[in-house]
Amino acid sequence: MLRQRPVSLRKQGAVACLLAAVGCLASCATGPVEVSSPDLSGADAQACRDLVEALPDSVAGQDRREVTPDDGATAAWGDPAIELRCGVPEPAGFDEFATCQVTNDVGWFIPQQQIDRGPGEIVMTTVGRAQNVEVRLPADYWPPAAAMVDLADAVRSSTREVEPCV
């Protein structure tokens, strides 16, 4: 008959520490996301800081990540990263004939060729607000509706609408 020796508490503690360290390394391995930041000052910088503070911990089912530079105008979630930049210029291709996607009272512009193409990376930008917010959404998170819904409250509460996007 085989007898097993009980594992000492010291060995159990060492195994637990090792497992915790491996878990931390696995979750921390991706590091901060590098997101280019717009050059902002005054009211624009403050509105963007307010927005970044109000953003949810999760977007499209993805957890928030650290960003660099951490200047209050950018945020990211998931891997591959969903990237947000606040205070960007009006998007190229947006004009009076462009179509808006309005979700929870926030108007987003997505270039028509990205919509026509179907699943793939998209860049969507709020329009009609004092500070435009750009979100780069990798193909993994198609369609963009979940991200739009998750971001709407923070965008509405932190950036002033100047002209409805219809």
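This report describes the fold, one helix and the salt bridges of a single protein chain.

The model is predicted. Its mean pLDDT is 85, and 83% of the residues reach a score of at least 70. Residues 7–29 are an exception to be noted: pLDDT stays under 50 throughout, and the model gives this segment 1 contact beyond four places in sequence. Where pLDDT is low, the predicted coordinates should not be read in detail.

**Overall architecture**

The chain contains 4 helices and 10 strands, arranged along the sequence as α-β-α-β-β-β-β-β-β-β-α-β-β-α. Of its 166 residues, 39% are buried. Contacts between residues at least 6 apart in sequence join, in 59% of cases, residues at least 24 apart. The accessible surface comes to about 10000 Å², and carbon and sulfur atoms account for 52% of that area.

**Helix α2**

Helix α2 comprises 13 residues, 42–54. At 1.5 Å a residue it should span 18 Å, and the distance of 19 Å between its end C-alpha atoms agrees with this expectation. Its buried residues are Ala45, Ala47, Cys48, Leu51 and Val52. Because these residues cover an arc of only 165 degrees around the axis, they lie on the same side of α2. Gly42, Ala43 and Glu53 are exposed on the other side. The partners against which the buried residues of α2 pack are the strands β3 (62–65), β5 (74–77), β6 (82–88) and β10 (132–137), together with helix α4 (145–158).

**Salt bridges**

The whole structure holds 3 salt bridges, listed below with their N to O distances.

| Pair | Distance (N to O) |
|---|---|
| Glu134 – Arg85 | 2.9 Å |
| Arg136 – Glu134 | 3.8 Å |
| Arg156 – Asp153 | 2.5 Å |

Arg85, Glu134 and Arg136 are linked in a network. Within this network, the side chains of Glu134 and Arg85 form a salt bridge. Glu134 belongs to strand β10 and Arg85 to strand β6, so the pair ties together parts that are 49 residues apart in sequence. Glu134 has a relative accessible area of 10% and is therefore buried; Arg85, at 18%, is likewise buried. Arg136 has a relative accessibility of 35% and counts as partly exposed.

The salt bridge between Arg156 and Asp153 is set within helix α4, where the two residues are 3 apart, about one turn of the helix. Arg156 is partly exposed at 33% relative accessibility, and Asp153 is partly exposed at 49%.

Technical notes
Residues numbered from 1 in each chain as written. Predicted model: local features only at pLDDT ≥ 70, side-chain atom pairs only at ≥ 80, totals over all residues. Heavy atoms only, no water. Buried < 20%, exposed > 50% of the residue type's maximum accessible area, 1.4 Å probe, protein only. Contact = heavy atoms within 4.5 Å. Areas by Shrake-Rupley, 256 points an atom, 1.4 Å probe, with all protein chains shown as cover. pLDDT = per-residue confidence, 0-100. Expected span 1.5 Å × (residues − 1). Arc of directions from axis to C-beta. Salt bridge = Lys/Arg side-chain N within 4 Å of Asp/Glu carboxyl O.
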